[in-house]
Amino acid sequence: AVVSTQSTGKDRFGVERKSGEQWLITLKESEAFIPDVYENIHALIQISTLTNRQYCVILDPMGEDGKNRLGQRKLVKGEKSFFLQPGERLENGIQDVHILQEDEALAIKAVLAFKDSNGIDRKPGNMWMVRGPAEFIPSVEMEIIDRRKALPLDENEGIYVRDIKSGKVRAVVGQTYILNQDEELWNKELPEQIEKLLSAEVDPLAD
């Protein structure tokens, strides 16, 4: 339960409290709780439980000094059970670990400066790919932009790929290809005559 007090002083557990302060009472502190005359119960909090295949991000996490770190984010990985402290909330709820197959990848973008697990310095705005097979949990310094799947192309099949940074367009033919973080599919406009032939299903080599 989330409890607050209207007076300044020590609570029944010997902790110094200020007027208006909120704190959490769990089974760890007491099996039963009856609020004092100056105390109020604001809400009953359900326990959050993560399996070993789940994670979550807490917004405005509470620090060791009992104050919320406004604007900060805290990553919590399963297997774990916990109560949200006053002022905390979950970003996007409880999420499953991202499981990537061999033909899948994630486009990642850094939102804070940090050094990743490979020792690479990442700056805000930097983008890169995490390729499968892999299990992936994004840290609080990054965000997932897109999930991408490989495109299997026959020897007579192809796609146009545009580099977002340079604007250059190139053809990819006859291979299995997955777009990287700086690429997008490009719909190339055909000449009007070719468009008419295709729409009419006419063989251009026929007499």
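Good morning. I shall begin with a single residue, Ala 134, which lies in strand β16, a strand that runs over residues 134-136. Please bear in mind throughout that the model before you is predicted.

Is Ala 134 buried or exposed? Neither term applies: with a relative accessible area of 25%, Ala 134 is partly exposed. The reasoning rests on the cut-offs, because buried means under 20% and exposed means over 50%, with partly exposed in between.

Which residues does Ala 134 touch, once those up to four places away in sequence are set aside? They are His 98, Ile 99 and Leu 100. For one of these, Ile 99, the separation from Ala 134 is 35 residues in sequence, while the C-alpha to C-alpha distance is 6.1 Å.

Leu 100 leads us to the next topic, the nonpolar core. Leu 100 belongs to the largest nonpolar core, which has 9 residues. The other members are Leu 106, Ile 108, Ala 110, Phe 114, Trp 128, Val 130, Phe 136 and Met 142. Two elements, β12 (104-110) and β15 (127-131), each give two or more residues to this core. The largest share, 3 residues, comes from β12.

Within that core, let us look at Trp 128. Leaving out residues up to four places away in sequence, Trp 128 touches Leu 106, Ile 108, Ala 110, Phe 114 and Met 142, among others. The contacts of Trp 128 also include Ala 107, Lys 109, Arg 122 and Gln 181.

I turn now to the largest pocket, whose volume is about 440 Å³. Its lining comprises 15 residues, and the closest to the pocket centre are Glu 21, Gln 22, Asp 65, Gly 66 and Lys 67. The elements that supply two or more lining residues are β3 (16-17) and β4 (22-24). Of the elements, β4 gives the most, with 3 residues. What is the make-up of this lining in nonpolar, polar and charged residues? The lining divides into 4 nonpolar, 4 polar and 7 charged residues.

Finally, a view of the whole protein. The secondary structure consists of 1 helix and 22 strands. There are 207 residues in the protein, of which 29% count as buried. Among contacts with a separation of 6 or more, 54% are between residues 24 or more positions apart. The exposed area of the protein is about 14,300 Å², and carbon and sulfur atoms supply 48% of that area.

Thank you for your attention.

How values were computed
Residues are numbered from 1 along each chain as its sequence is written. This is a predicted model: local features need pLDDT of at least 70, side-chain atom pairs count only at pLDDT 80 or more; totals for chains, interfaces and linings use all residues. Side-chain values use heavy atoms; hydrogens and water are left out. Helices (H or I, at least four residues) and strands (E, at least two) are DSSP runs, numbered from the N terminus. Buried means under 20% relative accessible area, exposed over 50%, partly exposed in between (1.4 Å probe, protein chains only). Contact means heavy atoms within 4.5 Å. On a 1 Å grid over the protein atoms alone, a cavity is a set of points where a 1.4 Å probe fits but cannot get out, and a pocket is an open set with protein on both sides within 12 Å along at least five of seven lines; lining residues have an atom within 4 Å of a point. Grid points are joined across faces, edges and corners, and a volume is the space filled by probe spheres set on the points. Ala, Val, Leu, Ile, Met, Phe, Trp, Tyr, Cys and Pro count as nonpolar, Asp, Glu, Lys and Arg as charged, and the others, Gly among them, as polar. A nonpolar core is a set of buried Ala, Val, Leu, Ile, Met, Phe, Trp, Tyr and Cys residues joined through side-chain atoms within 4.5 Å. Accessible areas come from the Shrake-Rupley method with a 1.4 Å probe; for residues, only the protein chains shown count as cover.
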